[in-house]
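Me: Could you take me through a model feature by feature, beginning with its backbone and ending with its surface? I would like to learn how each kind of feature is read.

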Amino acid sequence: MRIKMKKNKIIYAAAITGMAAASIYGINKTINIIANTKSTLANPNGLQYKWRLGNIFYTKQGTGKPVLLIHDLTCGSSSAEWKFIASQYAKTHTVYTLDLIGCGKSDKPPVTYTNYMYVQLITDFIKNIINHRTDVVATGYSSSFVLMSCFSDSTLFDKIVLINPDNIIKGKMISGNQKIIKKLIELPIIGTTIYNLANTKKSYYRMFKNYYCHNFSLIRRNVVRAYYEASHYGSMTSKYLFASIISNYTGINVTNAVKNINNSIFIIGSEHEPDIRQKIKAYTELNSSIECAIINEAKHLPQLEKPGELLAQIEIFLS
């Protein structure tokens, strides 16, 4: 009798657990579907580059000397970051934008995302799609990808513009705890739930108010919506990039690259970006030929907050 009762309890517990798991999966799936209903990321100029690790969404517009615009690396980032700059700069240049793998409308394979992966993507994209020495403009975290790509093959690059670049020393040994966190987030149901809780629409509004912009009132609601949609676009595999970023698999020390690159480098910082002057100083101490400028009354994403002023600075340097 006791054995039978224990057996019934185990079956009951298993049934409850199974129903709970199914319910959570259903909620996660619903979040993914709803996030993609408004198609904020739709772009009539969209093209596709079949890269070895997945399809890469990109745009090409205008004629003239090529320039590649690369967005920051967050789960909500995409080429939508460059919408205004790209359309204006295309009046005099051939402007390319791309969604980095794991971001936006590009594929989001269930892999470990590393700095080297993005270096290879940028290198291959310039070789196979642009097929010409090009100017490159990159934001934040993605600055390291461009610097390491140029360090690897400078013949692909002309001038480089870095907008609010990350710290020079970003890479470090990955701890055991970070590896555990990464594996946890990559779990089928638990990991997806953690990801969804960290990437809500409210969290992106907070990010824009506290980190991306100095004056949030200048930002349209559909811009924030695009970030939220990008973080859930496609299948439920965005969590793999999220896991790699927070576990520092995408970080790298760019000291040697900054020291040895002979290409012209221009850093544009924002007045209210935390520690930006110290960051610029660290770059210029390694390479005295680096030029710099500051955009007033802006924070991390001046291309969204002060696009006119940023475009003017880019045009001055790349002209």
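**Reading the features in turn**

Reply: Glu-297 sits in the loop between S8 and helix H12 (302-305). Please keep in mind throughout that this is a predicted model.

Me: What is the sign of phi at Glu-297, and about what value does it take?

Reply: Phi of Glu-297 is positive, at about 55°, although the residue is not a glycine. As for its surroundings, Glu-297 counts as partly exposed, because its relative accessibility of 38% lies between the limits of 20% for buried and 50% for exposed.

Me: Where is Asp-275 found, and what is its phi near?

Reply: Asp-275 belongs to the loop between strand S7 (265-270) and helix H11 (276-286), and its phi, near 60°, is again a positive value in a residue other than glycine.

Me: How should I read salt bridges, and how many are there here?

Reply: The general idea is that side chains of opposite charge can pair when their charged atoms come close. In this structure the count comes to 4 salt bridges. One of them is formed by the side chains of Lys-65 and Asp-135, at 3.3 Å from N to O. This pair links distant parts of the chain, with Lys-65 in the loop between strand S2 (54-61) and strand S3 (66-70) and Asp-135 in strand S5 (residues 134-139), 70 residues apart.

Me: Which residue forms a salt bridge with Lys-65 at 2.5 Å?

Reply: That partner is Asp-158, the closest N and O atoms being 2.5 Å apart. This pair also links distant parts of the chain, since Asp-158 is in strand S6 (residues 157-163) while Lys-65 is in the loop between S2 and S3, 93 residues away.

Me: Are Lys-65, Asp-135 and Asp-158 buried or exposed?

Reply: Lys-65 is partly exposed, at 32% relative accessibility, and Asp-158 is likewise partly exposed, with a relative accessible area of 23%. Asp-135 counts as buried because its relative accessibility is 0%, which is under the 20% limit.

Me: Which salt bridge involves Lys-182?

Reply: Lys-182 forms a salt bridge with Glu-186, where the closest N and O atoms are 2.7 Å apart, and both Lys-182 and Glu-186 are buried. Returning to the earlier pairs, salt bridges that share partners join Lys-65, Asp-135 and Asp-158 into one network.

Me: How do I find empty space, and how many cavities of 30 Å³ or more are there?

Reply: Rolling a probe the size of a water molecule over the atoms shows where empty space is left. Here the count comes to 2 cavities of 30 Å³ or more, and the second largest cavity has a volume of about 40 Å³. Its lining consists of Gly-140, Tyr-141, Ser-143, Ser-144, Asp-166, Asn-167, Lys-170, Val-254 and Tyr-283, which divide by class into 3 nonpolar, 4 polar and 2 charged residues.

Me: What is the volume of the second largest pocket, and which residues are closest to its centre?

Reply: The second largest pocket has a volume of about 510 Å³. It is lined by 26 residues, of which Leu-73, Thr-74, Tyr-141, Tyr-211 and Ile-245 are the closest to its centre. The lining of this pocket comprises 13 nonpolar, 8 polar and 5 charged residues. Helix H7 (201-212) and helix H9 (239-246) each supply at least two residues of that lining, and H7 gives the most, with 4 residues.

Me: How far apart are the C-alpha atoms of Glu-229 and Lys-201, and those of Cys-292 and Phe-266?

Reply: The C-alpha atoms of Glu-229 and Lys-201 are separated by 8.7 Å, with their positions 28 residues apart along the chain. Glu-229 is placed in helix H8 (residues 221-232) and is buried, with a relative accessible area of 2%. For Cys-292 and Phe-266, 26 residues apart along the chain, the C-alpha separation is 5.5 Å. Cys-292 is in strand S8 (residues 291-295) and is partly exposed, at a relative accessible area of 44%.

Me: Which residues form a nonpolar patch on the surface?

Reply: Leu-184, Leu-187, Ile-190 and Ile-194 form such a patch, with about 300 Å² of accessible area together. Among them, Leu-184 lies in helix H5 (residues 176-185). Leu-184 is partly exposed, with a relative accessible area of 37%, and therefore passes the cut-off of over 30% that a patch residue must meet.

Key
Residues are numbered from 1 along each chain as its sequence is written. This is a predicted model: local features need pLDDT of at least 70, side-chain atom pairs count only at pLDDT 80 or more; totals for chains, interfaces and linings use all residues. Side-chain values use heavy atoms; hydrogens and water are left out. Patches are made of residues with over 30% relative accessible area and no salt bridge: like charges are joined within 9 Å, nonpolar side chains (Val, Leu, Ile, Met, Phe, Trp, Tyr) within 5 Å. Accessible areas come from the Shrake-Rupley method with a 1.4 Å probe; for residues, only the protein chains shown count as cover. Buried means under 20% relative accessible area, exposed over 50%, partly exposed in between (1.4 Å probe, protein chains only). On a 1 Å grid over the protein atoms alone, a cavity is a set of points where a 1.4 Å probe fits but cannot get out, and a pocket is an open set with protein on both sides within 12 Å along at least five of seven lines; lining residues have an atom within 4 Å of a point. Grid points are joined across faces, edges and corners, and a volume is the space filled by probe spheres set on the points. Ala, Val, Leu, Ile, Met, Phe, Trp, Tyr, Cys and Pro count as nonpolar, Asp, Glu, Lys and Arg as charged, and the others, Gly among them, as polar.
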